[in-house]
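Subject: Structure handover

Hi,

Here is the structure we talked about. Please open it next to this email and follow along.

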Amino acid sequence: MPPLHKFCLIDLSGTLHVGDKVVPSATTALKRLRKAGVQLRFLTNTSKTSRSRLFKQLRSIGFDEECIKSEEEIITSGIAAKQLLEDRGLKALALVESALLEDLPPAQPSEAFNSVVVGLAPSSLNYEKMNEAFRILMSDASSELIAIHRAKYYKDTDDELSLGPGPFVTALEMATGKTAVTVGKPSPAFFEAAVEALGCSKDECVMIGDDIVGDIGGALDYGLAAAILVRTGKFLKKDEDNKEIKPTEIVDSIVEAVTWIVGEEEDEDEDENAIAKEFVEEEDFA
């Protein structure tokens, strides 16, 4: 039986893993997709580490070449930010963690800044840096504010919610009167780049993720054929009752999402499909 969809975009953190913990049977699920001939790309809003470091981290926790073939299969919002900066000839003050800098254009002298890029950066999102960003944006009417993504919050390593970069982006918008350009999910341009990388049309592609807004809302707004929400990672019970965003399916994990796409597997080991309901969402893999 052929798969329902031959092209698939998959979120990383919260969908395949949480920190260094692999979602149960996630590697097996990816191999089932590969075996069924489904083409994959991995779509992530990471803004605390570079794509190469992320790829090495994924390899180290068990995602081998049968799961993720190469670094190029991972599409990150950091790389998207770099492309935007280069396309527009912008020199940015980057409010990001140092591990992400290798994915951005080389640093410029501070007097050359004509834009600000904001990611999740606990070490930089303080008054001094925010005020520097404010002054850059106010100094030139053509200066641009770029959000790597706008997550309001994420679940931290202490199992509590922590502020994402979204509120800081909103603060700069309010103070300067500018509207930020968002490069990661749920930006249509981000999904468009992923679909182009797969070499398919958007109505041939399905999205799997744990973020009701970034993954599911973004995919459906862009026009993907389907969007499957998983109950792992940053998923909250209230997401099932979202009145504005209606996932195509809501399932327990990546395992059931894959079954929805490729069908049941004969002699499937039920124990292998046991799903841990609670995971801590760490934004550095988001």
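I146 has V181 as its bridge partner in β11. Please keep in mind that this is a predicted model. Strand β8 covers residues 144-147. Its pairing with β11 is parallel and runs over two bridges.

I146 also takes part in the pairing with β7. There, V117 has I146 as its bridge partner in β8. β7 and β8 pair over four bridges, again in the parallel sense.

Now the whole sheet. It is open, has four strands and follows the order β6-β7-β8-β11. The pairing is parallel. Which strands stand at the edges? They are β6 (92-95) and β11 (181-182). Each has a single partner strand, so one side of each is left without a neighbour in the sheet.

Next, the side chains of β8. In a regular strand, side chains alternate between the two faces of the sheet. E144 and I146 point one way from β8. L145 and A147 point the other way. Buried or exposed? All four residues, E144, L145, I146 and A147, are buried.

Two helices go with this sheet:

- Helix α3 (residues 77-88) packs on the sheet. It touches β6, β7 (115-118), β8 and β11. The direction of α3 makes about 160° with that of β8.
- Helix α4 (residues 127-139) lies across β6, β7 and β8. It runs at about 155° to β6.

Helix α4 is also part of a β-α-β unit. β7, α4 and β8 make up that unit, and it is right-handed.

One more residue to look at is D11. Where does D11 lie? It is in strand β1, which spans residues 7-11. D11 has a relative accessible area of 3%. The cut-off for buried is under 20%, so D11 counts as buried. Which side chains does the side chain of D11 contact? One is that of T15, through a polar contact of 2.9 Å. Another is the side chain of K185, also through a polar contact, at 2.9 Å.

To find your way around, begin at I146 and its partner V181 in β11. Then go to D11 in β1.

Best wishes

Technical notes:
Residues are numbered from 1 along each chain as its sequence is written. This is a predicted model: local features need pLDDT of at least 70, side-chain atom pairs count only at pLDDT 80 or more; totals for chains, interfaces and linings use all residues. Side-chain values use heavy atoms; hydrogens and water are left out. Two strands pair if DSSP finds at least two bridges between them. Contact means heavy atoms within 4.5 Å. Axes are lines fitted to C-alpha atoms, for helices over the stretch in contact, and angles run from 0 to 180 degrees between N-to-C directions. Buried means under 20% relative accessible area, exposed over 50%, partly exposed in between (1.4 Å probe, protein chains only). A polar contact is a pair of N or O atoms within 3.5 Å; within protein, one must be able to donate a hydrogen and the other to accept it, and residues adjacent in sequence count only if both atoms are side-chain atoms. A crossover is right-handed if, with the strands pointing away from the viewer, the path from the first strand over the helix to the second runs clockwise.
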